[in-house]
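Visitor: I should like a close look at one part of this protein, namely the packing of its C-terminal region. Please place that part in its wider setting as well, and give the geometry in full.

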Amino acid sequence: MRRLLKLIRNIILFCLIFCIAIGGIIGYNGYQMYQDAISKMSIEEKIEEIKSDENYVTLDEIPKEYKDAVISVEDHRFYSHFGVDVIALSRAVITNISTMSLAEGGSTITQQLAKNMYFSQEKLFTRKIAELFVALELEQMCSKDEILEMYMNISYFGDGFYGIREASIGYLNKEPKDMTLEECTLLAGIPNAPSVYALSNHTDLTIQRQIQVIDAMVKYDNMDAKKAEKLKEEIRK
C-alpha cells in the first residue's frame, strides 16, 4: 500500500511539474509574440491609426441599444474587470484543459480588441498570452469607453466590412446612429463568427444568433422581457 501511495504521489508531482514547465514555455513564447508585435508598431501608434480611419465613429454616434447589445453578448462584466474576466477565464481554462483544445475563449472585449489590433484569428495558446499583455496595456492607457469604441470600429462583420460604420452602411444603407433596435441586435451578433453570421448568408443561424443577443440583453437587464419577446416574434416572421 505504501508503495502504491508513493507511486501515486510521484505521478501527481510529475504531472504538476510538467504542467508548470509547459505553462512557462507557453507564457514565455506568448510574451515574445507580444514584444515582436509592439516592436513593429507601438500600441500608441496603433490607436492613432485606428482613430484616423475615415469611417471611425465615436460612441455618441452609436445607438445605446447597440452598445448594450455588444456588452451583453460579448462581455457583460466589461466595466468592472481590469481587461481580463477572471471568472470567464477560469471557466474557459477548465473547459480547454478537459478538451485539450481552445474550444472556449473567455476573452473580454479588451482582449478581442488586442487580438484584432495585432494578431491573427488562429487559435493558439501563445497568441492568447500575447493578446493578454496587450489587453493589460490597453486598460492602463485607455478608458473603458475608448476601448469599447475602438472595438466597435475594427471588428469584422463579414463581406469585407470592418467596423460598425462600414457594416451599417454596407448592410443597412444607413449611418450607425440611425439603426433600429432590431438592426442593433442583428449586427451585434455578427463579429462572433462573421463567416457564419454575415448577412449575405442570412441563414437561420443568423437569426438564432440575433435571438441569443436579445436573450443576453434581457439576462443582464439591458432589455425588458416583454419588449424582447415582441422583438423575437417580429424577427421570426
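Guide: The account below starts with the whole chain, turns to the packing of the last helices, and then moves outward to their surroundings.

The model is a predicted one. Its secondary structure consists of twelve helices and zero strands, and the order of elements from the N terminus is α-α-α-α-α-α-α-α-α-α-α-α. The protein has 237 residues, of which 43% are buried. Among contacts with a separation of 6 or more, 62% join residues that stand 24 or more positions apart. The accessible surface amounts to about 13400 Å², and carbon and sulfur atoms supply 57% of that area.

The part requested centres on helix α12, which spans residues 225–236. Two helix pairs describe its packing here. Two packed helices are described by the angle between their axes and the distance between the axes.

The partner in one pair is helix α11, residues 204–219, whose axis comes within 10 Å of the α12 axis and crosses it at roughly 175°. Angles over 145 degrees count as roughly antiparallel, and α11 and α12 are therefore roughly antiparallel to each other. On the α11 side the contact is formed by I207, Q210, I211, I214, D215 and V218, and on the α12 side by A225, A228, L231, K232, I235 and R236. An α-helix has 3.6 residues a turn, so residues three or four places apart point the same way. The contact list can be read with that periodicity in mind: α11 contributes I207, I211, I214 and V218 among others, while α12 contributes A225, A228, L231 and I235 among others.

The loop between α11 and α12 holds D221. Although D221 is a residue other than glycine, its phi is positive, near 60°. D221 counts as exposed, because its relative accessibility is 71% and the threshold for that class is over 50%.

The partner in the other pair is helix α9, residues 181–188, which packs against α12 at an angle of about 80° with the axes 11 Å apart. That angle makes α9 roughly perpendicular to α12. Here α9 uses L181, E182 and T185, while α12 uses K227, L231, E234 and I235. L231 and I235 of α12 thus appear in the contact with α9 and also in the contact with α11.

Which residue of α9 deserves individual attention at this contact? E182 is a useful choice, as one of the α9 residues that meet α12. E182 lies in helix α9 and is partly exposed, with a relative accessible area of 33%. Leaving aside residues up to four places away in sequence, E182 touches Q210, L231, E234 and I235. Of these, Q210 is among the α11 residues that contact α12. The C-alpha atoms of E182 and I214 are 9.2 Å apart, although 32 residues separate the two in sequence.

Both α9 and α11 also take part in covering helix α3, along with α5 (109–118), α7 (144–154) and α8 (164–172), among what covers its buried residues. Helix α3, residues 64–74, has nine buried residues out of eleven, so it is largely enclosed by the rest of the structure. The buried set is Y66, K67, D68, A69, V70, I71, S72, V73 and E74.

Two of those covering helices, α7 and α8, are joined by a loop that contains D159. D159 has a positive phi of about 55° although it is not a glycine. In contrast to exposed D221, D159 is partly exposed, with a relative accessible area of 38%.

Aromatic and charged side chains complete the setting. A search of the whole structure returns five aromatic pairs. In one of them, the ring centres of F78 and Y79 are 4.9 Å apart and the planes stand at 75°, so the pair is edge-to-face. F78 is buried at 0% relative accessibility, whereas Y79 is partly exposed at 46%. In another, Y156 and Y162 have ring centres 4.5 Å apart and planes at 35°, so this pair is tilted. Y156 is partly exposed, at 32% relative accessible area, and Y162 is partly exposed at 47%. K144 lies over the face of F78, at 4.6 Å from the ring centre. K46 lies over the face of Y118, 5.3 Å from the ring centre.

Technical notes:
Residues are numbered from 1 along each chain as its sequence is written. This is a predicted model: local features need pLDDT of at least 70, side-chain atom pairs count only at pLDDT 80 or more; totals for chains, interfaces and linings use all residues. Side-chain values use heavy atoms; hydrogens and water are left out. Rings of Phe, Tyr and Trp (its six-membered ring) pair if their centres lie within 6.5 Å; planes under 30 degrees apart count as stacked, over 60 as edge-to-face and the rest as tilted. Buried means under 20% relative accessible area, exposed over 50%, partly exposed in between (1.4 Å probe, protein chains only). A charge sits over a ring if NZ of Lys or CZ of Arg is within 6 Å of the ring centre and within 35 degrees of the ring normal. Helices (H or I, at least four residues) and strands (E, at least two) are DSSP runs, numbered from the N terminus. Contact means heavy atoms within 4.5 Å. Accessible areas come from the Shrake-Rupley method with a 1.4 Å probe; for residues, only the protein chains shown count as cover. Axes are lines fitted to C-alpha atoms, for helices over the stretch in contact, and angles run from 0 to 180 degrees between N-to-C directions. Angles under 35 degrees count as roughly parallel, over 145 as roughly antiparallel, 65 to 115 as roughly perpendicular and the rest as oblique.
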